[in-house]
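Welcome! Here is a short briefing to read alongside the structure. Take a moment to look it over, then follow the points below.

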Amino acid sequence: MDWADFGVDLHLELDASGGRRAGLERALREAIRDGRLPPATRLPATRTLATELGLSRGTVSAAYDQLVAEGWLVARIGAGTEVSPLRRAAPAPVPPPPGAAPFRYDLRPGSPDVGHFPVTAWLRATRRALAVAPADAYGYGDPRGRPELRSALAGYLGRARGVLAAPERIVVTTGYVQALVLLTTVLRDAGTPVVAMEDPGLSFHREVVRRHGGTVLPLPVDERGARTDLLGSGRLARVGAAVVTPAHQFPTGVTLHPARRHALTDWARTTGGLVVEDDYDGEFRYDRQPVGAVQGTAPEQVAYVGTAAKTLGPALRLAWLVLPARLVDPVVDAKRHLDLHTETIGQLALADLIGTHGYDRQIRTVRRRYRQRRDLLLDRLWRWPGLGGIPAGLHATLHLPPDGPTEAEVLAAAAARGLALGGLAPHRHHPEGQPGGLVVGYARPPSHAYPAAVDLLAEVLATADRR
Ligand SMILES: Cc1ncc(COP(=O)(O)O)c(C=O)c1O
């Protein structure tokens, strides 16, 4: 609907899958959160909006009441309903590189749509969790994390990811990045500091390993995923651990081939090496059931790491390690000496969210939305033969043909049109002379900006190709 009459131009997309009222509430919250409905904006009268949207007046009225109760809206007697003037404005646009035009759209990988954070469900979970939390929850706690969360995670991970996770084997960490720090520290102290990391892979994580005393060796990636068949021989003979993203390799998007999964666990069993399984977006699979974690087939060889960064939001800084028995004490000791334990209130809220199945509901909801985005990307880019990594995750890769525009040229052309994109080169251990590619993070933009962002991407590619 068009709200030009009310001084704002707003398009509301109603997803009525959880009921019409809930759909309207969601659409309004999203519009307020991403700044399309700025603070103090007057909303249409319930009767007007009901007619525009084909809803009953009672439905619109109930949605307004709910959002007033939650603090999104305020009702002014005799003056209608408006967006709370206390809500913060939308964040500033992505800062561009010096001298470049500001980005209008951001399709870089690494972030979900943070506008999908389930604010209401999280508030309810926090309220419920704190209402029943014992007093000791507010004191210093176990370095492994709250028992409520570890036991909720044990159930969830077994059911949803095929992970064999007893609560005593779980350590809650401040993001995946801290799990990597803890494991690197323990490996270094045990005298096995050499770590094989996927090439290409996230360069930030390589740097984290190096800064904590690890030595990084490249583990090549091909169309079957990480070359785990190379572990244990040649340059990779002295490796103490291999860090992999089996469900959806970052950044190529390949799922680790069954033969490579076997090679990985065989290597770990025969050499005593450790597999670090980074399951950062394993919940997002679109063509069939998510692929189960490698950990389920080799729990004494694999340190499994999951995170709430993609399912809920990176801001929570909540992740979880499931450890082989031999690593529990050293990792707990490292965690204690790093920060005692991860903060407790968020852990209690997450435990409640998982226990009441709100976490599953959130995953189902966002999976459906990301699937629609993935489908739109496919629809717009089907002409590009190099599109890969699309059955899962929140990003796809576009390999560029050797006789076409280079990666740097496409990124510059996109930036000039106000579109931020990711390239493959920064993820390579040695980018020189390697084929170029784009990494398209289709989850990041707010929903209302996504179709235009993808259209612009298609245009940039078509133009760059015709040079
Ligand atoms: C490959 C990979 N692993 C893990 C993560 C999650 O990291 P964290 O839990 O520290 O936010 C990300 C997030 O972008 C990622 O891209």
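In this predicted model, helix α12 (residues 407-416) lies across two strands, β14 (419-423) and β15 (437-441). The direction of α12 makes about 160 degrees with that of β14. Both strands belong to an open sheet of 5 strands, and a good way in is to start there.

**The sheet of 5 strands**

- The strand order is β3-β14-β15-β13-β12, and the pairing is mixed.
- β3 (105-107) and β12 (387-388) are the edge strands; each has a single partner strand, so one side of each has no neighbour in the sheet.
- β12 runs antiparallel to β13 (residues 395-399), and 2 bridges join them. Here Gly 388 is found opposite Thr 397 of β13.
- β13 is also joined to β15, by 5 bridges and again in the antiparallel sense. Within this pair, Ala 396 has Val 440 of β15 as its bridge partner.
- β14 and β15 are antiparallel too, with 2 bridges between them. Gly 423 stands opposite Leu 438 in β15.

**A closer look at β15**

- How many residues of β15 are buried? The count is 5 of its 5 residues, and the strand is described as mostly covered.
- Both faces of β15 are covered. On one side the buried residues are Gly 437, Val 439 and Gly 441, while Leu 438 and Val 440 are buried on the other.

**The sheet of 8 strands**

- Another open sheet has 8 strands in the order β4-β11-β10-β9-β8-β5-β6-β7, with mixed pairing.
- At its edges are β4 (170-173) and β7 (225-226), each of which pairs on one side only.
- β8 (residues 241-244) and β9 (residues 274-278) run parallel and share 4 bridges. In this pair, Ala 242 sits opposite Val 275 of β9.
- Helix α6 (residues 175-189) packs on this sheet and touches β4, β5 (194-199), β8, β9, β10 (302-307) and β11 (319-322). The directions of α6 and β10 make an angle of about 160 degrees.
- Helix α7 (residues 203-211) packs on the sheet as well, touching β5 and β6 (215-222). The angle between the directions of α7 and β5 is about 170 degrees.

**Around the ligand**

- Which residues come nearest to the ligand? Of the 13 residues around it, these are Gly 175, Tyr 176, Tyr 280, Thr 307 and Ala 309.
- Helix α6 gives the most to this shell, contributing 3 residues.
- Sorted by class, the shell holds 8 nonpolar, 4 polar and 1 charged residues.

Technical notes
Residues are numbered from 1 along each chain as its sequence is written. This is a predicted model: local features need pLDDT of at least 70, side-chain atom pairs count only at pLDDT 80 or more; totals for chains, interfaces and linings use all residues. Two strands pair if DSSP finds at least two bridges between them. Two residues are in contact if their C-beta atoms, placed from the backbone, lie within 7 Å. Axes are lines fitted to C-alpha atoms, for helices over the stretch in contact, and angles run from 0 to 180 degrees between N-to-C directions. A residue is near a molecule or strand if its C-beta atom, placed from the backbone, lies within 6 Å of it. Ala, Val, Leu, Ile, Met, Phe, Trp, Tyr, Cys and Pro count as nonpolar, Asp, Glu, Lys and Arg as charged, and the others, Gly among them, as polar. A residue is buried if 20 or more other C-beta atoms lie within 10 Å of its own, exposed if 12 or fewer, and partly exposed in between; C-beta atoms are placed from the backbone.
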